[in-house]
Protein chains: 8
Amino acid sequence: MSKKLVDIIMGSDSDLAVMQDSALALEKFDVGYELTISSAHRHPSKTSEIAQNAAVQGKKVIIAGAGGAAHLPGVIASMTSLPVIGVPIFTSSVGGVDSLYSIVQMPRGMPVATVAINGAFNAGLLAVQILALHDDNLFQKYRNYRIELAEGVESKDRKLKEKGFRRYLEEN
Amino acid sequence: MSKKLVDIIMGSDSDLAVMQDSALALEKFDVGYELTISSAHRHPSKTSEIAQNAAVQGKKVIIAGAGGAAHLPGVIASMTSLPVIGVPIFTSSVGGVDSLYSIVQMPRGMPVATVAINGAFNAGLLAVQILALHDDNLFQKYRNYRIELAEGVESKDRKLKEKGFRRYLEEN
Amino acid sequence: MSKKLVDIIMGSDSDLAVMQDSALALEKFDVGYELTISSAHRHPSKTSEIAQNAAVQGKKVIIAGAGGAAHLPGVIASMTSLPVIGVPIFTSSVGGVDSLYSIVQMPRGMPVATVAINGAFNAGLLAVQILALHDDNLFQKYRNYRIELAEGVESKDRKLKEKGFRRYLEEN
Amino acid sequence: MSKKLVDIIMGSDSDLAVMQDSALALEKFDVGYELTISSAHRHPSKTSEIAQNAAVQGKKVIIAGAGGAAHLPGVIASMTSLPVIGVPIFTSSVGGVDSLYSIVQMPRGMPVATVAINGAFNAGLLAVQILALHDDNLFQKYRNYRIELAEGVESKDRKLKEKGFRRYLEEN
Amino acid sequence: MSKKLVDIIMGSDSDLAVMQDSALALEKFDVGYELTISSAHRHPSKTSEIAQNAAVQGKKVIIAGAGGAAHLPGVIASMTSLPVIGVPIFTSSVGGVDSLYSIVQMPRGMPVATVAINGAFNAGLLAVQILALHDDNLFQKYRNYRIELAEGVESKDRKLKEKGFRRYLEEN
Amino acid sequence: MSKKLVDIIMGSDSDLAVMQDSALALEKFDVGYELTISSAHRHPSKTSEIAQNAAVQGKKVIIAGAGGAAHLPGVIASMTSLPVIGVPIFTSSVGGVDSLYSIVQMPRGMPVATVAINGAFNAGLLAVQILALHDDNLFQKYRNYRIELAEGVESKDRKLKEKGFRRYLEEN
Amino acid sequence: MSKKLVDIIMGSDSDLAVMQDSALALEKFDVGYELTISSAHRHPSKTSEIAQNAAVQGKKVIIAGAGGAAHLPGVIASMTSLPVIGVPIFTSSVGGVDSLYSIVQMPRGMPVATVAINGAFNAGLLAVQILALHDDNLFQKYRNYRIELAEGVESKDRKLKEKGFRRYLEEN
Amino acid sequence: MSKKLVDIIMGSDSDLAVMQDSALALEKFDVGYELTISSAHRHPSKTSEIAQNAAVQGKKVIIAGAGGAAHLPGVIASMTSLPVIGVPIFTSSVGGVDSLYSIVQMPRGMPVATVAINGAFNAGLLAVQILALHDDNLFQKYRNYRIELAEGVESKDRKLKEKGFRRYLEEN
């Protein structure tokens, strides 16, 4: 894998099943990353070390996922000048609205780029878009990905029209 | 004022109008406190210094108020073993539900004792209740306060019954 | 078990699966407790007896859990000067937001220290933090617990880095 | 005024501006009532006395209004066998949804007849409907009231049709 | 069964599993009832017939349950002078908050006595409380029921204290 | 004015300030309408008469606005085969979410075409779109309206670019 | 099948299980339709082509279903003068409230006729109601459908009354 | 002003009072921008032109603000490979939660970097952080800005400690 440009951090290994999607998105574009478990609350010193070292180590973007009182993305944002992307993790009590509010409602002066609840894949894509601003090769790859998305829609629509919705639903 | 046993911390001076109620509650019981502006996001090192020094300085309880992605109470809780009381500040967008979720929904291992939205006065009372567990004088004062609360209800009810609701509403 | 310093009260045995976490947290720190079923609504006299006797019996903190129109913590708070910790229980209809509001939105003069929805373990920890203010041994144990939390994060992160996320997810 | 059949109770005189509507509704039907300030939290013994004495004193229905962690109606319901009508009071933070949940989400075994947020007038009407079940005169009055409501709609509609909406809005 | 004093109406047979609880509550007190499926939307004329005939047939209370845009209780209330109790049915999309708002937020002049989401049992109890106002025998039965509730709490608490929470949870 | 093709109905004259927008939208396209106050709850017979006569009188679309437990659109829909457009009116307690749920969450078999909270103007436009399906002249007018909307955007953008945002804000 | 008068569009084949209900509703009335997968985000050009061609191809109504940031109905509405019916799809995080807001809260000038969360069947019925305004045969069919709905209620009620609720629940 | 690297787009001039904050943030760092009014719904062709031309014109980041069914950011994101930052605008009905959901809950494949409700200033800062990844001078400026934020906190705290909270509140 190429140089590690993205930190992916989550507060607990229970978030890994969701947060792996960020890694998968980055792998799709051959963007190197480092995956770390560190908790804003249970291990503040480790979290602050990661945040403060990221730029020095050559990281360009940090993706942080957390649920509930999801402080991790904001805490990291407060200790780095790199752009931080926050992933609100679904919670069984209020469906992730707690996580969303805790991540997106950051005060003036300290943004976190928030994606959808459990939107870790999109967090990876957003990192790619940012990195692609100065990497023409990556920019081209991203455009191709978007074309593939459109073709995927086209092909499903064709299949639906051939089979009709009854057979389509049976077979899928 | 007596020894400073309580830290009252807020993220911004815009929270002072609410957070002064914690100070007023403590003054009512002659409990010493220190009032500080420090932001979890805009000044993480100051915040961490306060949290880490509180116990050493003889503080017993920390009250922290914040609004929106209200990380301050949780961030402080992660850096001290003292009990932390969190005050969710009202926000014009979602009425403080964002602040409430960001403060109360803390992960296993790291509690924040949360009071009502804008409930800074109650945060002060809760600190008093905690301190009173080993201060008989304070415990007695708190019981008296509770008796006064009941008498206040009694006296308003008497007034209502004397005047009737029409006059009561006109005169109040 | 040592002296019973904490009352753990729940409105119904259907809350026991959640509320046992408070007991488990206290046992971890060898803090004695008494576990009681009593309903604010179905058995108000028993509830008021418990609340009014707690201080006399040497209890220092009361933990109360309830769901829906979760009056139990507030009702107890109205009849004791001890600090009361409230645990909002998850409800299938609105996910425990009803319980949370009913517990946290207490009026001026009558705080309940509220923890997360189903956060009974944290309620136990908060009781420990309060008791530890005048028990150096307990304070030290609590600090050690916090170090263990950090080590747990460290060890999971090491494992993740050794195995990579794919194997980690398969094996866990 | 005739015999006092209805208790109207509120937790604080700040609720009086809303709760007077219950009194006004009852006065409209010449139903006697007693208006009381008593707080479930600040004065539990007074509240319990009122609840326990209501039936003995010949009260038939209790109307209780409260805001936030609005325990008053439920606490009263737990100490009387009379039907209790709950009025959730508007709150500036979450608009009275906290009050509504705290009143309506009562556990199995202990109903509170809940009306709309700030719906104190309807609480009075509901009390009238209940009392009218065994008072033919009152039942007839209530039917007449309903006819008046319909006539009020009729007359406003006529006025709207005569004037057109532009003049109607200017003049009202 | 004795004279039918209560109408229990639901909009669809899919609500029957919840609404049977109203019937069970009434049976417990030997109060006669009539159980009907009628939809405010799919069969407005039947619904209006039921509402308009209820008083004539000697019904005293109407219980109506509905989910989603739950108009049934309000529509019935608009066509009778009898007290109407509304049961908001749980919905998979928003957990019954839609049903609750549609039932409880009735306009001035037209109350519906609303109980908890899926609170059909309590709806039955509320009907009993209303009927008991002029039926001493029923009033006594209701008081006994309340004593049984308290005894149920007592007995569960005794069992918990005998067995400890671990065995209690295993055996229940 | 031309033939009355649209019924605009509201439950109360307090909704007129919002609902006049439906009239204004229809006037813009020279579509005739009839404006009526009728309440689903306070005057069910008038409401049902309007609903049942609409088609006979040559009405093609019914617009109904209501707030809170906003039953009017659904009740009308249950008594006509014409398409019914519902306008949820803003409420001070929950901002119109109650009205929205009460209107949009209609059961299978009985749709109400719901527009935004206070979206009475759009309700009028939707009626125009429906009527325009068989009125080429009206269809052309509607397309022109859409072009005007785009030109309005264009002209504001030009103005913004000429003046810069500081002057634009001062002057507007 | 007869002439295709209705476009049914969904953003993803994962919405097909819900959106087939629109097709089933239209088939019930022998109304021709075209079912298409096209995404506002992943394939904007296809979406815009469909929207712009719909009127030319003789389509009269467009039904569009989407979940989450459910832009599809609004995006289509912005590119056609035909009436657009929006179906908010249930989401696991916030139950479809996100979809509902994204579809119903359209700005002035651009309505989307919104139905209930997952209300695709009703979307089909609404299309039928609109088409029936100029098709007497279809209007008659729709009236008959409504009569069948009422008869369905009648027959279930009869069955309930014959069997009693216990047997009814066992057998269904 | 230097080269225009950022597009700031809003759907209506009513959003300008909020969205000017993005411009002010960029001006603070001497980052060139272009401010445009264009509506996803009222002028889709202009919107699509802007989105498709942005990269060609040398823009690096697009900031888009919208309220209600806030489609603008997502629609733009679907037509460019540049990173898009979305600003949910406050709405009087649901406080901007509609805008937030419509912007943040984007489907897999199409991220929008969402900031707080009315968080246009932070949107500007996030753009700066992204641009600073390849502009050392800008990166240094951003770090300095962060130091200033901390100093601002420090200075307010000093002032608070000098004056005490009573005088601080009077003078501010």
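1. A salt bridge (a side-chain nitrogen of Lys or Arg within 4 Å of a carboxyl oxygen of Asp or Glu) joins the side chains of F:D13 and D:K156, with N to O at 3.3 Å. Across the interface of chain D and chain F, the rule finds 5 salt bridges.

2. The model is predicted, so that local features need pLDDT of at least 70 and side-chain atom pairs count only at pLDDT 80 or more, while totals for chains, interfaces and linings use all residues. Residues are numbered from 1 along each chain as its sequence is written, chains are lettered from A in the order in which they are written, and side-chain values use heavy atoms, with hydrogens and water left out.

3. Contact here means heavy atoms within 4.5 Å, and by that rule 17 residues of chain D are in contact with 20 residues of chain F. Of the side of chain D that touches chain F, helix α6 (residues 136–171; a DSSP run of H or I, at least four residues, numbered from the N terminus) gives the largest share, 13 residues.

4. About 1,600 Å² is buried between chain D and chain F, with carbon and sulfur atoms giving 66%; buried area is the accessible area (1.4 Å probe) that two parts lose on being put together, summed over both. On the side of chain D, the residues that lose the most area to chain F are D:V153, D:F165 and D:L169, together 34% of what that side buries.

5. In chain E, E:D15 lies in the loop between β1 (4–10) and α1 (16–28), where strands are DSSP runs of E, at least two residues. E:D15 counts as buried because its relative accessibility is 9%, the cut-off being under 20% relative accessible area (1.4 Å probe, protein chains only).

How values were computed. Buried < 20%, exposed > 50% of the residue type's maximum accessible area, 1.4 Å probe, protein only.
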